[in-house]
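Open the model in a viewer and keep the selection panel at hand. The stops below go from charged pairs to the sheet, then to the aromatic rings and one helix.

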Amino acid sequence: MPSATLVPSPTIDLSLAKGRSVSTKIVQAADSVHGSIISPATRATLNFQYASLRNINHCPTGMYITPSAENTLMWDAVLFVHKGYYQDSVLKFIISFSNDYPERPPTVRFLTDIFHPLVDPRTGAYSLAPRFRPWRPKEHQIHHVLHFMKSTFKEPTLDKLHEEDALNKEAFKLYRDNRTSFATLAKQSAELSQSPSALYDTSGSKKIHSLQFTPLKPNEVEEVLGALSVHTEDSK
């Protein structure tokens, strides 16, 4: 995987997002989305949901979340997949909320191209239907969504998917009927997710994502590893 730094951390305080305090006027300005005003109840719910991710059991391992700098009703996120068919994938995605959240479920869209039964290959839209049909606003929390998403990159959940929920029918059918071909395409998409154009947004064609990667020089890699008390074979 290309060496890179990821900024910021998944536990940023909302009041310190983007290195600035959030005054009442700033919050009110940010609450104007497409000509409408976010209700105080929705804003409070989103603040609470985000703060809850600090709980050690709420934010899945390998997943990083931060509120979007562009839209109060959007969160930017990255998922690092460490095992299985999608091992070493680095997947950027966006979680969007409605003005009346939590009455309606959030929506998820992947910015990184990924060959997956639940991801529309044209739009990146992701289906939450297998887990949240119906959506129960008093029961379902954002951490349930995140843990379900991570699980869908593992074999036990993939085994339980139904064709009617698949947004990529080809991926679903290959997983069911030709596991070898599916594994090859999943591995290829994992490798592409690490390419400079996907990792560093060099194409300039995609939405500005709050979680940015930057390439590191060899000496910078050693500095980072040293700070983490991790050493490469050559440095031993």
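A salt bridge here is a side-chain nitrogen of Lys or Arg within 4 Å of a carboxyl oxygen of Asp or Glu. The model is predicted, and side-chain atom pairs count only at pLDDT 80 or more.

**Stop 1: the salt bridges**

Select Glu155 and Arg179, and show their side chains. They form a salt bridge in which the closest N and O atoms are 3.2 Å apart. Glu155 belongs to helix α4 and Arg179 to helix α6 (residues 179-192), so this pair ties together parts that are 24 residues apart in sequence. Glu155 is partly exposed, with a relative accessible area of 37%. Arg179 also counts as partly exposed, at 30% relative accessibility. Next, add Glu163, Arg176 and Asp177 to the selection: salt bridges that share partners join these residues into one network.

How many salt bridges does a search of the whole structure find? The search finds seven. One of them links Arg133 to Asp165, with the closest N and O atoms 2.1 Å apart. Arg133 sits in the loop between β8 (125-126) and α3, while Asp165 sits in the loop between α4 (155-160) and α5 (169-177), so the pair ties together parts that are 32 residues apart in sequence.

Turn on a surface for this pair. Is Arg133 buried or exposed? Arg133 counts as exposed, at 54% relative accessibility. Its partner Asp165 counts as buried, at 4% relative accessibility.

Now select Arg136 and Glu139. This salt bridge has its closest N and O atoms 4.0 Å apart. Glu139 is partly exposed, with a relative accessible area of 45%, and Arg136 counts as partly exposed at 40% relative accessibility.

In general terms, side chains of opposite charge can pair when their charged atoms come close.

**Stop 2: the sheet**

Hide the side chains and switch to a cartoon. Five strands form an open sheet, in the order β4-β5-β6-β7-β8, and their pairing is antiparallel. Which are the edge strands? They are β4 and β8, each of which pairs on one side only.

Walk across from the β4 edge. Five bridges hold β4 and β5 in antiparallel pairing; to find the register, select Met63, which stands opposite Leu79 in β5. Move on to strand β6 (residues 90-96), which is joined to β7 by four bridges, the two strands running antiparallel. Between β7 and β8 there are two bridges, again with the strands antiparallel.

Arg109 is a useful marker at this end of the walk. In β7, Arg109 is the bridge partner of Ile94, and Arg109 also stands opposite Ala125 in β8.

Stay on strand β7 (residues 107-110) and bring its side chains back. The covered face of β7 carries Val108 and Phe110, and the uncovered face carries Thr107 and Arg109.

**Stop 3: the aromatic rings**

Across the whole structure, a search finds 16 aromatic pairs. For one of these, select Phe110 and Phe153: their rings are edge-to-face, 6.2 Å centre to centre with 65° between the planes. Phe110 lies in strand β7 and Phe153 in the loop between α3 and α4, so the pair ties together parts that are 43 residues apart in sequence. Both Phe110 and Phe153 are buried.

Extend the selection to the aromatic cluster that contains this pair. Its members are Tyr85, Tyr86, Phe93, Phe110, Phe115, Tyr126, Phe132, Trp135, Phe148, Phe153, Tyr175 and Phe182.

**Stop 4: helix α2**

Clear the selection and pick residues 40-52, which make up helix α2. The helix has 13 residues and reaches 18 Å from its first C-alpha to its last, close to the 18 Å expected at 1.5 Å a residue.

Look down the helix axis and colour Thr42, Leu46, Gln49, Tyr50 and Ser52, the buried residues of α2. They cover an arc of only 160° around the axis, which puts them on the same side of α2. Give another colour to Pro40, Ala41 and Phe48, which are exposed on the other side of α2.

What do the buried residues of α2 pack against? Show β4 (63-67), β5 (74-80) and α3 (142-151): the buried residues of α2 pack against these elements. Of these, β4 and β5 were met at the second stop, as strands of the open sheet.

How values were computed:
Residues numbered from 1 in each chain as written. Predicted model: local features only at pLDDT ≥ 70, side-chain atom pairs only at ≥ 80, totals over all residues. Heavy atoms only, no water. Expected span 1.5 Å × (residues − 1). Buried < 20%, exposed > 50% of the residue type's maximum accessible area, 1.4 Å probe, protein only. Arc of directions from axis to C-beta. Contact = heavy atoms within 4.5 Å. Pairing = 2+ DSSP bridges. Phe/Tyr/Trp six-rings, centres within 6.5 Å; stacked < 30°, edge-to-face > 60°.
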